[in-house]
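Q: Please take a close look at one part of this structure. I would like a connected account that covers confidence, strand pairing and contacts.

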Amino acid sequence: MGVFSIFPSRASVAAGEVDALYTFLLVVGGAMTTLIFAAVFFFAVRYRRKSPDDPAPKAIHGSLPLEIAWTVGPFLVMLVMFGWGTKLYFQNYTPPLHDTLDIYVTGKQWMWKVQYPTGQREINELHVPVGRAVKLILASEDVVHSFYIPALRLKHDVVPGSYQTYWFEPKEPGRYHIFCAEYCGTGHSDMGGWMTVMTPSDYENWLAGGSGGGSMVEQGAKLFQQYGCVTCHVTDREGRCPSLLNVFGRPVVLDDGRTVMADEAYVRESILNPNAKVVKGYKHDIMPVFEGQIGEEGLLQLIVYVKSLSPPAASPAKPAASAAKRSPK
Amino acid sequence: MSTTLPFVPAETRTNYLNADYGWKSWLFATDHKRIALLYLFSITAFFFVGGAFAVAMRINLLTPDGIFTHDTYNKLFTMHGIIMVFFFLVPSIPATLGNFLVPMMIGARDLAFPRINLLSWYIYIAGGILTLTAVFQGGVDTGWTFYAPFSSSYSNTHVILAAMGIFVSGFSSILTGLNFIVTIHTMRAPGMTWNRLPLFIWGHYATSLIQVLGTPVIAITMVLLGLERVLHAGIFDPTVGGDPILFQHLFWFYSHPAVYIMILPGMAVISEIVTCFSRKAIFGYNFVAYSSIAIAVFSFIVWGHHLFVSGQSMYASMVFSFFSFLVAIPSAVKVFNWTATMYKGSVSYDTPMLYAFGFMGLFTMGGLTGLFLATMAIDVHVTDTYFVIAHFHYVMVGGMVMAYMGGIHFWFPKISGRLYPEGWAKFAALLVFAGFNLTFFPQFILGYQGMPRRYAHYPPEFQVLNVMSTAGASILALGYLIPMIYLAWAWRYGPKSPQNPWNAKGLEWEQSPTPPPTFNFEHQPVVTEPAYNYSGEEQEVTLG
């Protein structure tokens, strides 16, 4: 920390990869800047006007080979930047399909609310273990925020009305800044906190430190009762609404013939605005519209509950399984 | 050029400044040169208002805990952005130097629609008054980007008033662009073929295309924002069925091309200065001219690079990233050609050329850091941090404002008929260069370290670089104040300028008296040679 570095600390392997690309750009950019500065400086000195009466020099109208060279040359270098940058972006922005540790983050003016599948909740603090692929599911209760951890070299906007994902694999234990990077009103610059990266054993101990109101599945199940969902979405037989057993993570055929994937966004939409995409064979206007009735955190709990109704093997992500494993503690 | 003017003592000659007196002769002027001056004084006023907001911001950032409240700081950066972008940068060169010079450079006596030209100034002032009213009513706190749903449903400041100001002033921009396009197409003097046009004209032609095609989109966006705010129409706010990302697409569909509205006229000025003070024809005329058009075209297909982290489809991001690299190439081609123009030239270090040197260096750095932002994996880290702030200030202040200052100094004798004190001018140019770099270079480092933009408070480890930046800003402010003083002085007391103090080529210098008469030329100018024929090549003297 003592030595000044242009690179902030690195909490993941990907951070080092971004720094490598950045270094490449710095070298190319530095070389180009030096070239232009040197050429301007050299020409300005070498060809300076010595007396106001100096005759005008001979005109040089251009050179096609030079024009081609300084069009094609930079283009080829830029292709390298484009290819490298795109590859790394896809890698850093595409979460793995399996074995992720899912954590649910809700942004609201002006705090980050974090829920763990095991039921712990925090504000402006995020605890993650070294060596696991962590997937954050980002939601916003109000305006656009942006979840940013410089030590991971990653940010992602948190857009109200949708879920965004943010994934990384922590490597280095330590405490790292969390910032909100998208301007969100009065307290924007206070909407930050800390990510604590822990060794796996420390993390287990931390998780064991109590979870208050039960796991997210349990909380979701409670809401499922409370809002009366259970009266129609009966799970053991066909009710007035489709059973939610083995639905999550699988394609669903709609009444207009389309097929959609039952992912987080679909479940969210079907709770808030049930008539948008009705399952084939079921009626419109049976389920009440929950828009404005359930907060983002409650929605996430319901989604985790719905996820838990699909056997882990069939589910692309496994929060329910990991929750079930840890809940006895 | 062959035409020589009969000698008339300057004192007795009627020019556009002394042709008429009284406030009516200015407020109802249809002379493009007088309208250019109306614009010059109004945008200078806006520049200093916007600058004052910047000074207040830099003072706040001296310490991690700031001195202003969060709300005050949020309003400061919002008003700084809105005023500088919409009321200084967009009109700056086109409405002042462009207005003054486009007809003179092509040998016309005015723009095609002189009264529409005056109308556009009134519209600009109306928009400015609306926006300033928003300021005096207590300000706006949405950022100049007005992102929904914050602006549409959450902010309790004067969003609609500011949005109306931008909506209204947009029409001024459209009318100016339209006027330039028609003028350049229809009013060129005999012999002024497209290939003989000064590059200043090419740059303004490209700018006008963007103004006419792009500005209506921001107008629509501002109207939709107003509808959403007043009627909750459900366009951008997801709680009533809208899409916040739609706002970002609409906003940047104008606002990315708009940055080329701001920089193309700067490039146009640099082409004139570099040739004059190297006493040499431009290297690669066609490449410099057509690269302006290429920039104008590409500028419309890169807006999505502002949305790499917004949840936009990754494949869409990939396409936008690719085009963002492509748009850098014509800009690079220009820089290479200006540099090559100096090769084997006769280079003098007059004030406009010092600004041009500054432009070439700083615009290069601004452009190259743009490549960092086009590289998606880097953008994900540095977007919405001080890296972006530094990048676009290198382009807009290091590039555009340098070119503007260079242009003002270059044509000041033409406009005022006076010479300014060269020593003070050189001193101020060096101050601007030094102050600028000290202000904005540390911000690149801050950005990569992870300091987000629009932060009223910040973690203490960022303080050293912020203090450096504030120190630089105070030097920069001085560098802008000094020219204000000596130019105002010179306008009244400076020595009288000869007709062509720089021995520059171009109709405005060679065939028009200084300061010009109301109709610019005493005889119909005829063009018999290509632009920048400093070497006086005989073989090219043919009527076009």
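A: **Confidence and domain 1 of chain A**

Within chain A, the lowest confidence falls in helix α8 (residues 319-326), with a mean of 41, whereas the highest belongs to strand β6 (residues 145-149), at 97. The structure is a predicted model, and chain A as a whole has a mean pLDDT of 87, with 91% of its residues reaching 70 or more. Over residues 314-329 of chain A, pLDDT stays under 50, and for this stretch the model has 37 contacts beyond four places in sequence. Where pLDDT is low, the predicted coordinates should not be read in detail.

The part examined here is domain 1 of chain A, which covers residues 100-208; domain 2 of the chain covers 216-326. A convenient starting point is strand β5 (residues 133-140) of chain A, which is mostly covered, since 6 of its 8 residues are buried. On one hand, β5(A) pairs with strand β1 (residues 100-108) of chain A in the parallel sense, over 8 bridges. Within that pairing, A:L136 of β5(A) is the bridge partner of A:I103. On the other hand, β5(A) is joined by 5 bridges to strand β8 (residues 164-168) of chain A, and these two strands run antiparallel. Here A:L136 has A:Y166 of β8(A) as its bridge partner. A:L136 is thus bridged to A:I103 and also to A:Y166. Strands of a sheet pair through backbone hydrogen bonds, either parallel or antiparallel.

A second set of strands in chain A forms an open sheet of 5 strands, ordered β4-β10-β9-β6-β7, with mixed pairing. Its edge strands are β4 (125-129) and β7 of chain A, each of which pairs on one side only. From one strand to the next, the twist averages 20°. Inside this order, β9(A) and strand β10 (residues 193-198) of chain A pair in the antiparallel sense over 5 bridges, and A:R175 stands opposite A:T196 in β10(A). Helix α3 (residues 200-208) of chain A lies across β4 and β10 of chain A and runs at about 130° to β4(A).

The contacts of domain 1 with domain 2 of chain A come next. The C-alpha centres of the two domains lie 24 Å apart, and 16 residues of domain 1 are in contact with 15 residues of domain 2. On the domain 1 side, the elements giving two or more residues are β1, β2 (111-115) and β5 of chain A. β1(A) gives the most, with 4 residues. The residues of this side divide into 6 nonpolar, 6 polar and 4 charged. β1(A) and β5(A), which pair with each other, are therefore both among the elements listed for this contact.

The contact between chain A and chain B takes 70 residues from chain A and 74 residues from chain B. On the side of chain A, the elements that give two or more residues are α1 (13-46), α2 (64-93), β6, β7 (154-158) and β9 (174-180) of chain A. α2(A) gives the most, with 15 residues. By class, the residues on this side of chain A divide into 39 nonpolar, 20 polar and 11 charged. The open sheet reappears here: β9, β6 and β7 of chain A belong to its order, and β6(A) is also the element of highest confidence in the chain.

Terms used
Residues are numbered from 1 along each chain as its sequence is written. Chains are lettered from A and ligands numbered from 1 in the order in which they are written. This is a predicted model: local features need pLDDT of at least 70, side-chain atom pairs count only at pLDDT 80 or more; totals for chains, interfaces and linings use all residues. A residue is buried if 20 or more other C-beta atoms lie within 10 Å of its own, exposed if 12 or fewer, and partly exposed in between; C-beta atoms are placed from the backbone. Two strands pair if DSSP finds at least two bridges between them. Domain bounds come from an automatic or database domain assignment. Two residues are in contact if their C-beta atoms, placed from the backbone, lie within 7 Å. Ala, Val, Leu, Ile, Met, Phe, Trp, Tyr, Cys and Pro count as nonpolar, Asp, Glu, Lys and Arg as charged, and the others, Gly among them, as polar. pLDDT is the predictor's confidence in each residue, from 0 to 100. Axes are lines fitted to C-alpha atoms, for helices over the stretch in contact, and angles run from 0 to 180 degrees between N-to-C directions.
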